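Trainee: Can we go through how the chains pack together in this one? I'd like the numbers and the cut-offs behind them.

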2 protein chains.
Amino acid sequence: MSSIPKIVILGAGYGGVLTSLRLQKELNYNEADVTLVNKHDYHYITTHLHMPAAGTDNPENARVNISKLIDEFKIDFVKSTVVQIRPQDRKVILEDGTLSYDYLIVGLGGEPETFGIPGMVENAFNIRSINSVRLIREHIEYQFARFKREPHRTDYLTFIVGGAGFTGIEFIGELADRIPELCKQFDVDQSLVKIINIEAAPTALPGFDPELVEYAMQVLQNKGVTFRIGTAVKECTPDGVIVGEGEEIKSQTVIWTGGVRGNRLIEEAGIETMRGRVKVDEFLRAPGHENVYILGDNSLVFNPENERPYPPTAQIAMQQGVNCAHNLVASIRNQPLKPFVFSNKGAVASLGKGEAIGVAFGKKYKGRTAAWLKKIIDLRYLFIIGGIPLVLRKGKFF
Amino acid sequence: MSSIPKIVILGAGYGGVLTSLRLQKELNYNEADVTLVNKHDYHYITTHLHMPAAGTDNPENARVNISKLIDEFKIDFVKSTVVQIRPQDRKVILEDGTLSYDYLIVGLGGEPETFGIPGMVENAFNIRSINSVRLIREHIEYQFARFKREPHRTDYLTFIVGGAGFTGIEFIGELADRIPELCKQFDVDQSLVKIINIEAAPTALPGFDPELVEYAMQVLQNKGVTFRIGTAVKECTPDGVIVGEGEEIKSQTVIWTGGVRGNRLIEEAGIETMRGRVKVDEFLRAPGHENVYILGDNSLVFNPENERPYPPTAQIAMQQGVNCAHNLVASIRNQPLKPFVFSNKGAVASLGKGEAIGVAFGKKYKGRTAAWLKKIIDLRYLFIIGGIPLVLRKGKFF
């Protein structure tokens, strides 16, 4: 170890950004050498991606330049893609270089979990990044333009969303709002457009309050969404999906939101995983690697009340980032580490303009109140990472 | 013939709209029964389509509802597609009905002339209608989004325009203006984008003043356009084009502006044609059919000075419409017909924002002055068809 410890943070998602922000605040001058590595020179707000994906908001509102967030006098930023993590050598191999570390924070985000459904990787879109949602938006608009030239192809106007979790439901809410605009713009008869949500589980939004789930489905059905709950996608083809007992639903647009798994780089690094995720210790460290912290989609943290893992959310990743930064500072100063305890503030799912459902502070919310609550949560996040200037720049007002 | 003669006008392009507008002004009450037939319930301004195709203007600015143009107390409007013209029965078969006529005005517009180049019909786009230009715009944006997900596919960023006539050149000017915006929007390195114009003739804009052509090419080259003049497209494939001696240029976007031929419906009607066009008599009538007038892209009118046909332009179609309406009224009133004489007011080609070249009133113009002239011509057209209200609604101000 050099005289100044080297901290390398991989990924500028919720976990990586919060760790960086806290480190730059808490570390003293020359106490550590911190480097943040990210594929893009921007951070994106994953919980907002359903809007630009549907085209109801500009992708610019879902990203923030990293240079606006971190203080480059305190933290080095490297724009590169991670190729390999080598815990045995304490090195990270980048596409265009190598970094050595004393402490590594892995916040690389997950990958879509397709459960081995044939054709899903090849033929479906994912709501995963700025680039992927721009592609979805452009693809949807393109289908409307194509339909006008080939009016027998009504499959161009069928939009299939696989998965009725948070991302799927929030995307459907936005898409249902966008369809009337697109029909107007392209002179398309709205009755030809179909939005179909397919979910294998026996309910939409599993784990959510049943009364709120009922309300959400009603709101979305009124906007024209068809639900196929308890229906498994058997295959995704270039022409649509096969469900249930071989029924084909023709579509040129399948968006898969059915699940997230950990990043393959972690498995490849020789770190023990369950579906790519690492069952971290109480301080968020990988088992057997005291200097490697795993945050966000790649970590498994168990709820002590029911012994089940917490679902990967922005909320838990942010709290992990704060805890991780604290423990890094404590390690450097030879102070005791603090165990990570998740404090669940609740969750709100938007259902399009002016509609949402949610649970917060132990209370249920729906409709316009829940939509306000969602907006406040979004603005609070902007405030946490970038203060008032970022709220003013990116926060859409009502 | 019924007591009130029936006039049927096919197509609400420049010729059909001008004929309709003049007839509704000049005919007395109950002097004739006029029906305008058009595929869409809007007229589109073909000379403006290069802008929405490139995405530099909204397609709404290139179309006008027919109900805003014609007085439905004087002219019936039928939204339908013409399936067959039967001069022997004096009938027109529509997709959903039949119309009989005493006088027929054919202003159906032309079709792309691909000169039998293999694959061009299947694989290239055309700048021909609102639907076709919306498809081009969406297709171009989609290529940028796709490239971000498959960065090795630089062919997504190569845009080939076949033909350096008016439409090709004007489209290239707009596309070159749009590229920097698209690069910014999708985070694409602009140096990867190519616009290639391929023209088989020995010069761009054949027939135009060579000094102005030189200027136009310089302006477009400065915007990053590559010209391949004197180069024939041999084949258009799903992967690009084959030119010259077998050279392949990879591209996912080929826009063919190489020529226009007449509408197949006219040949199928048994009317004598040259490449689908009808060599009309001095009153714009089809030979052997005294009650059938052919306007616009489907008519061949020869320049008496050089015995060559005038190129099909909006300008000539509009003048034909005015002449045709005059002759219809004269026919009904048993007055002598007036021969059609084309009065060439000149031509201006835009080269993107603030740049154009043109000849008008016997003088050459280029740069900003020519761009103003172009704008004035566009506004004058809106004024002719829809008066001041239309100018205010559709005319973009500077």
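Trainee: How many residue pairs are in polar contact across the interface of chain B and chain A?

Mentor: This is a predicted model, where local features need pLDDT of at least 70, side-chain atom pairs count only at pLDDT 80 or more, and totals for chains, interfaces and linings use all residues. Residues are numbered from 1 along each chain as its sequence is written, chains are lettered from A and ligands numbered from 1 in written order, and side-chain values use heavy atoms, leaving out hydrogens and water. A polar contact is a pair of N or O atoms within 3.5 Å; within protein, one must be able to donate a hydrogen and the other to accept it, and residues adjacent in sequence count only if both atoms are side-chain atoms. With both residues at pLDDT 80 or more, the rule finds ten pairs.

Trainee: Which helix gives the most to the side of chain B that touches chain A?

Mentor: α5 (130-149) and α6 (166-186) of chain B each supply at least two residues there; helices are DSSP runs of H or I, at least four residues, numbered from the N terminus. The top contributor, with 13 residues, is α5(B).

Trainee: And which residue of chain B does Arg134(A) form a salt bridge with?

Mentor: Chain B and chain A share four salt bridges, each a side-chain nitrogen of Lys or Arg within 4 Å of a carboxyl oxygen of Asp or Glu. For Arg134(A), the closest N and O atoms are 3.0 Å apart, and the partner is Asp187(B).
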